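Colleague: I'm new to this one and would like a quick tour. Can you pull it up so we can talk it through?

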Amino acid sequence: DNEMLYFRGKKIISSLIKSLNKNHSFNFAKEVILSGCGQSGLSVLILSNYIKSLLPENVTKYKLIVSNGFLIDYLNINDKPVFSEFISSFSQFHNIPNLLNKNCINSHENSTDKCIFPNLLLNYVNTPFFLIQSIFNSYQIGCSLLVDESIPNKCWNIQNWNECSVSLLNPVAQCTNNQKEILNNLGNHTKNILIQTMNNLKNQNGNGYFIHSTPSYCSILSNDWITK
């Protein structure tokens, strides 16, 4: 409708820290953990350095816990780059490149959106982190693999996958052998990229990761998942 939109994400974060300091004695904190899952987990990685700059001076330990935020650039089932195109438009809409590390951007001038993906982004995160990652991340499956390029803004919209996708969280998924192979290819690719990324960071102390195969999104940070 030709209306101007204003995003105030950085100001909201800054105001939040100030409010915590004033009303909740956050300025006396010595240890801080920043966590998130899925796209929020990705945001934790993107914003970690900025948030670090806002923390009280007496904070001696600052760490990140990210669940299923290790999203990868993966083609859809028709070998179309739907997910990378979505990330690109999302990035430009929210002016995310302004938050990314300048060294990464300078190294990828023709494709700065690549710096959003954690396999590159983690090289520029200056805070110790622990990743909890499902190789069958339901968001990655539904919005990267099983999305029709003709309707790119709607996840889980590939025909003949309904029974398989609906049953993924059940003990026995109703997937054909071909569908299982496709899902396993995505899972193995995710695992390999994550392990390779972490191996490249092995000289950085304090980082770690845990890989599992539960087709979850954010449940691992819930009490229900932990107690079971």
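Colleague: Let's start with Ser48. Is it buried or exposed?
Modeller: Ser48 counts as buried, because its relative accessibility is 0% and the cut-off for buried is under 20%. Keep in mind that this is a predicted model.

Colleague: Got it. Which helix does Ser48 lie in?
Modeller: Ser48 lies in helix α2, which covers residues 39-54.

Colleague: And what is Ser48 in contact with, leaving aside its neighbours within four places in sequence?
Modeller: With those neighbours left aside, Ser48 is in contact with Tyr62, Leu64, Val125 and Thr127.

Colleague: Let's follow Val125, then. Where is it found?
Modeller: Val125 is found in the loop between α5 and β3, and β3 is residues 129-134. Val125 counts as buried because its relative accessibility is 4%.

Colleague: What does Val125 contact, again leaving aside neighbours within four places in sequence?
Modeller: Ser48 is there again, along with Leu45, Asn49, Leu64 and Gln204. If you want a distance to check on screen, try Val125 and Asn101: they are 24 residues apart along the chain, and their C-alpha atoms are separated by 8.7 Å.

Colleague: Leu64 has come up twice now. Which residues touch the most other members of the largest nonpolar core?
Modeller: Leu64 is one of them. The others are Tyr62, Leu100, Leu122, Phe129, Leu131 and Leu183, in a core of 54 residues.

Colleague: Take Leu122 from that list. What does it touch, not counting residues up to four places away in sequence?
Modeller: Leu122 touches Phe129 and Leu131, which are also on that list of core residues. Leu122 touches Leu45, Phe70, Thr197 and Leu201 as well.

Colleague: Okay, switching to the surface. Which residues make a nonpolar surface patch?
Modeller: Leu5, Phe7 and Phe93 make one of about 330 Å². Of these, Phe93 lies in helix α3, residues 82-93.

Colleague: New topic: disulfides. How many does a search of the whole structure find?
Modeller: The search finds 3. A disulfide is a covalent bond between the sulfur atoms of two cysteines.

Colleague: Walk me through them. What about Cys104 and Cys115?
Modeller: Cys104 and Cys115 form a disulfide with their sulfur atoms 2.1 Å apart. Cys104 lies in helix α4 (residues 102-107) and Cys115 in the loop between α4 and α5 (118-121), so the pair ties together parts that are 11 residues apart in sequence. Both Cys104 and Cys115 are buried.

Colleague: Is the disulfide of Cys104 and Cys115 left-handed or right-handed?
Modeller: The torsion about the S-S bond is about -100 degrees, so the disulfide of Cys104 and Cys115 is left-handed.

Colleague: And Cys143 with Cys155?
Modeller: Cys143 and Cys155 form a disulfide too, with sulfur atoms 2.0 Å apart. Cys143 lies in helix α6 (residues 138-145) and Cys155 in the loop between α6 and α7 (162-166), so this pair ties together parts 12 residues apart in sequence. Its S-S torsion is about 110 degrees, so the disulfide of Cys143 and Cys155 is right-handed.

Colleague: Why does Cys155 count as partly exposed?
Modeller: Because its relative accessibility is 29%, and partly exposed runs between 20% and 50%. Cys143, at 13%, counts as buried.

Colleague: That leaves Cys164 and Cys175.
Modeller: Those two form a disulfide with sulfur atoms 2.0 Å apart. Cys164 lies in helix α7 and Cys175 in the loop between α7 and α8 (177-200), so the pair ties together parts 11 residues apart in sequence. The torsion about the S-S bond of Cys164 and Cys175 is about 85 degrees, so the disulfide is right-handed. Cys164 and Cys175 are both buried.

Colleague: Back to α6. How many of its residues are buried?
Modeller: 8 of its 8 residues are buried. They include Tyr139, Ile141, Cys143 and Leu145.

Colleague: What covers those buried residues of α6?
Modeller: The cover includes α2, α3 and α8.

Colleague: Last one: what does Ser144 touch, not counting residues up to four places away in sequence?
Modeller: Ser144, which lies in α6, touches Tyr74, Leu75, Asn76, Phe83 and Tyr139. At 0% relative accessibility, Ser144 counts as buried.

Methods:
Residues numbered from 1 in each chain as written. Predicted model: local features only at pLDDT ≥ 70, side-chain atom pairs only at ≥ 80, totals over all residues. Heavy atoms only, no water. Core = buried A, V, L, I, M, F, W, Y, C linked by side-chain atoms within 4.5 Å. Buried < 20%, exposed > 50% of the residue type's maximum accessible area, 1.4 Å probe, protein only. Contact = heavy atoms within 4.5 Å. Patch = residues over 30% accessible without salt bridge, like charges linked within 9 Å, V, L, I, M, F, W, Y side chains within 5 Å. Areas by Shrake-Rupley, 256 points an atom, 1.4 Å probe, with all protein chains shown as cover. Salt bridge = Lys/Arg side-chain N within 4 Å of Asp/Glu carboxyl O. Helix = DSSP H or I, 4+ residues; strand = E, 2+ residues; numbered from the N terminus. Disulfide = S-S within 2.5 Å.
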